[in-house]
Amino acid sequence: MMGLMASEETRTMTPPTVRSAAAHDAGKPGGGCPRAWTMRLLVLGIVLSALNLRPAITSLGALLEEVRDGLGMSGSVAGLLTSVPPLCFAVFGVMAPRLARRFGAGAVVCAGMVAIATGLLVRPYAGGTAGFLAGSALALMGIAVSNVLMPVIVKHWFPDRVGSMTGLYSMALALGTALAAAVTVPLTDTLGGSWQTGLALWAGLAVAAVLPWLPFVRGRATPPGAGEEAAGKAQTPGPASPSASAEHARVQAPRLRMARSRTAWALAVFFGLQATAAYITMGWMAQIFRDAGVPAGTAGLLLAVTMVMGVPLAFVIPRLATRLTHQGPIVLALGVCGLAGYAGLYLAPAAGAWAWAVLLGVANCAFPLALTMVGMRARTGPGVAQLSAFAQSTGYLISIPGPLLVGVLYQHSGGWGLPIALMSALMIPQMVVGFLAGRDRTVEDEAAR
């Protein structure tokens, strides 16, 4: 669903008639058009929620060695732990649109922040590897539904500012990712050196993110293009306007058979391979530097540098991509940066650590590029929604084995040579399928029934 946010030019699917009716009810409690304070509260909720979408992962990456020692965890089990995020994103993310139709998007995101806070608070003290995995899964469940629904909320409430709000959302997400990687180790040392405390403290940020969503728990922000559900469904109780219903019926588009589209498959595989690289980086890169002799605090900062590269590039890459007919050259450029970074990690991990962190940070910006291409490879809003759901759910399933395999190779080889070789090898097909996905085609031409 995040592909809905990819392009500034993507038009809202809420029919004009519905927007007019909502504006008419602006002064009423629960009216469709929020007052200025409501919009400011929404912006605050979006920013705080985006800040919480990665610290559960990168804070663990910074303290992975301490967690492994504390729980007696093998390298293979640690690899399983780093594979949990994409698994949860694939399994629970697909449930988000249905939950939003039932309870409202605001309520689901609010519940997601509660799940993140609970999972982060419980997992360090659950006692044993199984409890740690269960707590992590709970937090990741909240992240998964918020991943899908927050961009939809941006689309619904800010139809004329999709680009700027998406930029703000992307910046906050990258900032939260980098912040957790950079400060988890220093804060842990300051608070007495307990890894349990260092991980649990991030629950406080999630608690703060719950508060702005409480007024929206009773809302019904319907995801655009969600099957038979009306994209412009009224926000208040009572029957919808007949004219609005008729207008909505006219803008519905048929469902597409994405499995028939080569472009959809290329984009899904590209999404999956870039997610594989991202979760391997978040889960293992700090450990690679630590094993090379880099202090733990510095290793966390290096991971933070990699993550923070997404802040400026999340603005630059989508704008550049929309100006090109073929996004393949950008895919190749990012892939070359990734290959150079992996070569550096293999040849001189400590000596050139800062350079490798920057190069891998640039390579990880394949994520906003993938989202942008989702928005460009379909002509209609419903087509974008269907393509995004297909590409993300399939892609996250593809990404599950990568971090686990890295852990297995690391444990059985006793070093990082084979895992880095695997990361480099996966970059080649990522470049190939990304180049194919970047061609100027639309899935409607390939996937219509």
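In the predicted model, V432 counts as partly exposed, at 46% relative accessibility. This residue is placed in helix 21. V432 belongs to a nonpolar patch on the surface, in which it is joined by L332, I428, F435 and L436. Together, the residues of the patch have about 380 Å² of accessible area. Helix 21, which spans residues 417-437, gives the most to this patch, with 4 residues. Because residues of a patch must have over 30% relative accessible area, the 46% of V432 is compatible with its place there.

Nonpolar residues were also examined in the interior of the model. The largest nonpolar core has 131 residues. Within this core, the residues with the most contacts are V67, W213, F270 and L369. Helix 13 supplies the largest share of the core, namely 18 residues. The surroundings of V67 can be described in further detail. When residues up to four places away in sequence are not counted, V67 touches L60, M73, F132, W195 and L199.

Charged side chains were considered next. A search of the whole structure finds 2 salt bridges. In one of them, the side chains of R290 and E65 meet, with a distance of 3.9 Å from N to O. R290 lies in helix 13 (residues 262-291) and E65 lies in helix 4 (residues 64-71), so this pair ties together parts that are 225 residues apart in sequence. The 3.9 Å distance of this pair falls within the 4 Å cut-off for a salt bridge.

R290 also forms a salt bridge with E66, and here the closest N and O atoms are 2.8 Å apart. This second pair likewise links distant parts of the chain, as R290 is in helix 13 and E66 is in helix 4, 224 residues apart. E65, E66 and R290 are thus linked in a network of salt bridges.

The members of this network were also described by their accessibility. R290 has a relative accessible area of 15% and is buried, because the term applies to values under 20%. E65, by contrast, is partly exposed, with a relative accessible area of 29%. E66 also counts as partly exposed, at 26% relative accessibility. The network therefore joins a buried arginine, R290, to two partly exposed glutamates, E65 and E66.

Key: Residues are numbered from 1 along each chain as its sequence is written. This is a predicted model: local features need pLDDT of at least 70, side-chain atom pairs count only at pLDDT 80 or more; totals for chains, interfaces and linings use all residues. Side-chain values use heavy atoms; hydrogens and water are left out. Helices (H or I, at least four residues) and strands (E, at least two) are DSSP runs, numbered from the N terminus. Buried means under 20% relative accessible area, exposed over 50%, partly exposed in between (1.4 Å probe, protein chains only). A nonpolar core is a set of buried Ala, Val, Leu, Ile, Met, Phe, Trp, Tyr and Cys residues joined through side-chain atoms within 4.5 Å. Contact means heavy atoms within 4.5 Å. Patches are made of residues with over 30% relative accessible area and no salt bridge: like charges are joined within 9 Å, nonpolar side chains (Val, Leu, Ile, Met, Phe, Trp, Tyr) within 5 Å. Accessible areas come from the Shrake-Rupley method with a 1.4 Å probe; for residues, only the protein chains shown count as cover.
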